Amino acid sequence: MDRIPLSIYLLKKNAVLGSWRIFHESFESAPLTEANLNVDGVEAKLWIGSSAPGTVPEWVQEFAPLAGLSATRFSNISVQGALAFAIDGKGVLMTFGHAWRRVDTSCVVPNFGLRCVLNLCGDKELKAIKHDRISHDFVTCPH
């Protein structure tokens with residue numbers, strides 16, 4: 001796999017070795033499945049889950065019939081997950097799929113993920129930045 005789309009967050013509070021409390025305060029993990037991992041000697045926690053099979057979004061249930069379409073034709077399964085770990089006492093959370101919506105943004109350093117990308121990405125590699133994921137206080141405009 002060449003690339004894995006993800007969002008990365010740095011928690012404002014320092015991580016305590018052996019405790020996952022700050023991650024649970026920063027990320028709504030229920031009802032996702034939880035598993036412990038060890039990646040190259042780093043203890044990590046993985047949460048992963050999906051929507052119920054055949055789920056039809058509410059907006060589709062409302063509007064599809066108005067257009068003469070069967071709402072069940074547009075059922076889906078949404079898979080999401082997160083990986084939490086600490087490096088040098090700093091809590092890091094990586095989210096996959098729509099799990100970014102489970103992050104309490106008041107608990108994370110604004111635009112940490114954007115800064116990671118800009119520092120790691122070559123000048124010809126950056127394809128897009130989703131402006132809805134950028135904190136409103138990060139971008140400054142000259143007056």
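This report covers the overall make-up of a predicted single-chain model and then three of its residues, Gln61, Gln80 and Val117.

The model is predicted, so local features need pLDDT of at least 70 and side-chain atom pairs count only at pLDDT 80 or more, while totals for chains, interfaces and linings use all residues. Residues are numbered from 1 along each chain as its sequence is written, and side-chain values use heavy atoms, with hydrogens and water left out.

**Overall make-up**

The chain holds three helices and five strands, in the order β-α-β-β-α-β-β-α from the N terminus. Helices (H or I, at least four residues) and strands (E, at least two) are DSSP runs, numbered from the N terminus. Of the 143 residues, 27% are buried; buried means under 20% relative accessible area, exposed over 50%, and partly exposed in between (1.4 Å probe, protein chains only). Among contacts (heavy atoms within 4.5 Å) with a separation of 6 or more, 59% link residues 24 or more positions apart. About 10400 Å² of the chain is exposed, with carbon and sulfur atoms supplying 58% of it. Accessible areas come from the Shrake-Rupley method with a 1.4 Å probe, and for residues only the protein chains shown count as cover.

**Three residues**

| Residue | Element | Relative accessibility | Class |
|---|---|---|---|
| Gln61 | helix α2 (residues 58-63) | 42% | partly exposed |
| Gln80 | strand β4 (residues 79-87) | 15% | buried |
| Val117 | helix α3 (residues 112-120) | 38% | partly exposed |

Setting aside neighbours within four places in sequence, Gln80 is in contact with Leu32, Trp47, Ile48, Gly49, Phe96, His98, Ala99 and Arg102. With Arg102, the side chain of Gln80 also makes a polar contact of 2.6 Å. A polar contact is a pair of N or O atoms within 3.5 Å; within protein, one must be able to donate a hydrogen and the other to accept it, and residues adjacent in sequence count only if both atoms are side-chain atoms.

By the same exclusion of neighbours within four places, Gln61 is in contact with Val56 and Ala71. A polar atom of the Gln61 side chain lies 2.7 Å from the backbone oxygen of Val56. Ser75, 14 residues from Gln61 in sequence, is 9.8 Å away from Gln61, C-alpha to C-alpha.

Val117 joins Leu118, Leu126 and Ile129 in a nonpolar surface patch of about 310 Å². Patches are made of residues with over 30% relative accessible area and no salt bridge; like charges are joined within 9 Å and nonpolar side chains (Val, Leu, Ile, Met, Phe, Trp, Tyr) within 5 Å. A salt bridge is a side-chain nitrogen of Lys or Arg within 4 Å of a carboxyl oxygen of Asp or Glu.
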